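Q: I would like to learn how to read the features of a structure like this one. Could we go through them one at a time?

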Amino acid sequence: MAVREERTRDELGARLKEYEGRPAAVSGAGKDPVNAPMIRHWCEALGDTHPAYTGPGAIAPPTMLQVWTMGGLSGHQGRTGAYDELLGLLDAAGCTAVVATDCEQEYLRPLRPGDEIVFDTVIEEVSGRKTTKLGTGYFVTTRMEVRVDGEPAGIHRFRILKYAPAARAPRARRPRPVVNRDNAGFWQGVAGHRLLIQRCTDCGTLRHPWLPGCNACGSLEWDTVEASGEGTVHSYVVLHHPPFPAFDPPYAVGLIELAEGVRMVSNVVGVPYDRVRIGLPVRLEFRAYDEELTLPVFRVVQR
């Protein structure tokens, strides 16, 4: 079975290679000539203050090469079917996902306001079958040749990967909390859906996280009180990067001030991450993440 599958893949690669050199677009023309307003917008957006791009003898920044060839929302006329056929073959083979990987540009002459751009695009290369972290597929490179008045002005190569998405690994388990002799009572309470706060039996000071001794008087004697579960968001952060297994960024992590006066770090749930604000009222709930792990989280109280 494996030999038969490999032969099929080789046949697909050979068939894709037949498209190399075939046109993807013929005799395209820039919808607007090279112009000073677009050059100014580009330079302002990128913070490029080079004097060559302003004044009577201005040229366009070389990296704007592709800008003058873009068709906008309405696209370009004159596109051939070869490129669509190539992508269709890949789709039929299960390579339904696509990602742009890189581009290369060659600058052959400066472009100046008033230049009228024409271009041709060919399928330059189709790679052999490649396996990447995203999945298995083929790199497809197109080459666009840009001209002004018949004179070569630049070359733009654009490369994509058309691939069959790799099967996702089973979702990772959420990390386990570190349980030791100093905090074991807290986690025993969580297992019973109770949020326990340490209380010094000498001075009455409440403390969290759990510690072996009182941070107010130093006493080693303590008992616990059960939190009411009411609180407010004292502060928060939104986690975007880096992504960790078992977590789905972006998400909000809050420093919650409990009604009893102590603070603890936990997830803020019940509203989108971008609606979390300091001062929001929250209420404790216990969320089971798997058959072994339950954690306290705080749900925003809707007013």
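A: Start with salt bridges. A salt bridge here is a side-chain nitrogen of Lys or Arg within 4 Å of a carboxyl oxygen of Asp or Glu. Keep in mind throughout that the model is predicted.

Q: How many salt bridges does this rule give?
A: The count comes to 21. One of them pairs Arg109 with Glu151, at 3.6 Å from N to O. Arg109 sits in the loop between β2 (97-107) and β3 (118-126), and Glu151 in strand β6 (residues 151-165), so this salt bridge ties together parts that are 42 residues apart in sequence.

Q: Are the two partners, Arg109 and Glu151, buried or exposed?
A: The relative accessible area decides: under 20% is buried, over 50% is exposed, and values in between are partly exposed. Arg109 has 19% and is therefore buried. Glu151 has 40%, so Glu151 is partly exposed.

Q: Which residue forms a salt bridge with Glu124, and what do the two tie together?
A: The partner is Arg157, and the closest N and O atoms are 2.8 Å apart. Because Glu124 lies in strand β3 and Arg157 in strand β6, the pair ties together parts that are 33 residues apart in sequence. Glu124 is partly exposed, at 24% relative accessible area, while Arg157 is buried, at 16%.

Q: Which residues are linked with Glu124 and Arg157 in a network of salt bridges?
A: The network also holds Glu106, Arg143 and Glu145.

Q: What is the N to O distance in the salt bridge of Glu257 and Arg263?
A: The distance is 3.2 Å. Both side chains belong to partly exposed residues: Glu257 has a relative accessible area of 26%, and Arg263 has one of 38%.

Q: Now the nonpolar core. Which residues of the largest one touch the most other members?
A: A nonpolar core is a set of buried nonpolar side chains joined through atoms within 4.5 Å. The largest core here has 23 residues, and those touching the most other members are Leu195, Val233, Ile256, Leu258, Val268 and Phe298. The elements that give two or more residues to this core are helix α4 (184-191) and the strands β7 (196-200), β11 (251-258), β12 (263-269), β13 (281-288) and β14 (294-300).

Q: What is Val233 in contact with, beyond its neighbours within four places in sequence?
A: Its contacts are Leu255, Ile256, Val268, Val276, Arg277, Ile278, Gly279, Leu280 and Val282. Two of these names, Ile256 and Val268, also appear among the core residues that touch the most other members.

Q: Where is His193 found, and what does it touch?
A: His193 is in the loop between α4 and β7. With a relative accessibility of 47%, His193 counts as partly exposed. Leaving out residues up to four places away in sequence, His193 touches Glu226, Phe286 and Thr294. Distance along the chain and distance in space are separate things to read: His193 and Pro296 are 103 residues apart along the chain, and their C-alpha atoms are separated by 8.1 Å.

Q: How many cavities of 30 Å³ or more does a search of the whole structure find?
A: The search finds one, with a volume of about 40 Å³. Its lining consists of Leu239, His240, His241, Pro242, Pro243, Phe244, Phe247, Pro249 and Tyr251. By type, the lining divides into seven nonpolar residues, two polar and no charged.

Q: Backbone angles next. Which peptide bonds are cis?
A: Read omega for this. The bond from His208 to Pro209 is cis, with omega near 5°, and Pro209 is in the loop between β8 (206-207) and β9 (222-226). Pro249 and Pro250 are also joined by a cis peptide bond, with omega about 0°. Pro250 belongs to the loop between β10 (230-239) and β11.

Q: Which residues other than glycine have a positive phi?
A: Asp149 is one of them, with phi near 55°, and Ala246 is another, with phi about 80°. Asp149 lies in the loop between β5 (135-148) and β6, and Ala246 in the loop between β10 and β11.

Q: Are Asp149 and Ala246 buried or exposed?
A: Asp149 is exposed, at 78% relative accessible area. Ala246 is buried, at 12% relative accessibility.

Definitions and conventions. Residues numbered from 1 in each chain as written. Predicted model: local features only at pLDDT ≥ 70, side-chain atom pairs only at ≥ 80, totals over all residues. Heavy atoms only, no water. 1 Å grid on protein atoms, 1.4 Å probe; cavity = no way out; pocket = protein on both sides within 12 Å on 5 of 7 lines; lining within 4 Å. Points joined across faces, edges and corners; volume = space filled by probe spheres on them. Nonpolar A, V, L, I, M, F, W, Y, C, P; charged D, E, K, R; others polar. Buried < 20%, exposed > 50% of the residue type's maximum accessible area, 1.4 Å probe, protein only. Helix = DSSP H or I, 4+ residues; strand = E, 2+ residues; numbered from the N terminus. Contact = heavy atoms within 4.5 Å.
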